[in-house]
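Let's take a walk through this model together, one stretch at a time. Keep the 3D view open as you read.

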Amino acid sequence: MNFLAHIYLSGENDLIKIGNFMADGIRGHDYEQFPVDVQKGILLHRAIDTFTDAHPVFRQSKHRLHEKYGHYSGVIMDIIYDHFLAKNWAKYSNEKLEHYAERFYNSLRENYDWLTPKTQGMMPYMIGRNWLVSYGTVEGIEKILFQMDHRTKNRAHMQNAVKELREYYTEFEEEFTAFFEDLRQHAQQKLAIL
């Protein structure tokens, strides 16, 4: 799952959200240097990733892309699944996505000193381009994939995956819906024991 899902699955605690959001850049036991709630978010992120990578529905979605995009197919599917979360946001939250995103951006600003340098560097782009809301459109996903391609020196041509997104749109959306129910339950259980 990508940023929006990780944040959403963190519940309402801002520090857990922040830990979950920035966990990719934190290796091994380095998470122990953060406040306890940030640590919980990092551990939750790891549990979400492990669950996602092993889930048969996510693997089915990813398989459609694997031949063309290789090991980047999982990264692309994370972003595509975030698209369906943003698109169907009203099913999962009573708060408008625009308000939810702004609240999260504000919590990043308020907790800036706890952010990793990588997250601090990414923040202006994320907020300026309103990534979390932009996931809701295919055009927004195309821009995100283009930016990711740029960061990987265009090795995978990820932006071209919008073609597969359009071609298999119904299948991807159905798979996301089924998978996300399982993931929500898993994340809630994990949060309860952290």
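**Two crossing helices, and beyond**

In this predicted model, start with helix α4 (residues 56–69) and α5, whose axes come within 8 Å and cross at roughly 125 degrees. Because angles of 65 to 115 degrees count as roughly perpendicular and those over 145 as roughly antiparallel, this crossing makes α4 oblique to α5. The crossing in which α4 passes α5 is right-handed.

Which residues of α4 meet α5? On the α4 side they are Val57, Phe58, Ser61, Lys62, Leu65, His66 and Tyr69. Their partners in α5 are Ser73, Gly74, Ile76, Met77, Asp78, Ile80 and Tyr81.

One of these is worth picking out in your viewer: Ser73, which lies in helix α5. Is Ser73 buried or exposed? Its relative accessibility is 1%, and since buried means under 20%, Ser73 counts as buried. If you set aside the neighbours within four places in sequence, Ser73 is in contact with Lys62, Leu65 and His66. Those three residues belong to the α4 set that meets α5.

Now move along to helix α7, which has 14 residues (97–110). At 1.5 Å a residue, α7 should span 20 Å, and its end C-alpha atoms are 20 Å apart, so the expectation and the model agree.

Where do the buried residues of α7 sit around its axis? These residues are Leu97, Tyr100, Ala101, Phe104, Tyr105, Ser107 and Leu108. They cover an arc of only 160 degrees around the axis, and therefore lie on the same side of α7. Try colouring them to see this for yourself. What covers them includes α1 (3–8), α2 (14–22), α5 (73–87), α6 (89–92), α8 (117–128) and α9 (131–134). So α5, the helix that α4 crosses, turns up again here as part of the cover over α7.

Finally, have a look at two loops and their backbone angles. Most residues other than glycine have a negative phi. Asn130, in the loop between α8 and α9, has a positive phi instead, near 50 degrees. With a relative accessibility of 28%, Asn130 counts as partly exposed.

The loop between α10 (138–151) and α11 (162–167) holds His157. Here too phi is positive, at about 55 degrees, although His157 is not a glycine. His157 has a relative accessible area of 45%, which means that this residue is partly exposed.

Key:
Residues are numbered from 1 along each chain as its sequence is written. This is a predicted model: local features need pLDDT of at least 70, side-chain atom pairs count only at pLDDT 80 or more; totals for chains, interfaces and linings use all residues. Side-chain values use heavy atoms; hydrogens and water are left out. Helices (H or I, at least four residues) and strands (E, at least two) are DSSP runs, numbered from the N terminus. The expected span of a helix is 1.5 Å times one less than its number of residues. Buried means under 20% relative accessible area, exposed over 50%, partly exposed in between (1.4 Å probe, protein chains only). The arc is that of the directions from the helix axis to the C-beta atoms. Contact means heavy atoms within 4.5 Å. Axes are lines fitted to C-alpha atoms, for helices over the stretch in contact, and angles run from 0 to 180 degrees between N-to-C directions. Angles under 35 degrees count as roughly parallel, over 145 as roughly antiparallel, 65 to 115 as roughly perpendicular and the rest as oblique. A crossing is left-handed if the near helix is turned anticlockwise from the far one by less than a right angle, and right-handed if clockwise.
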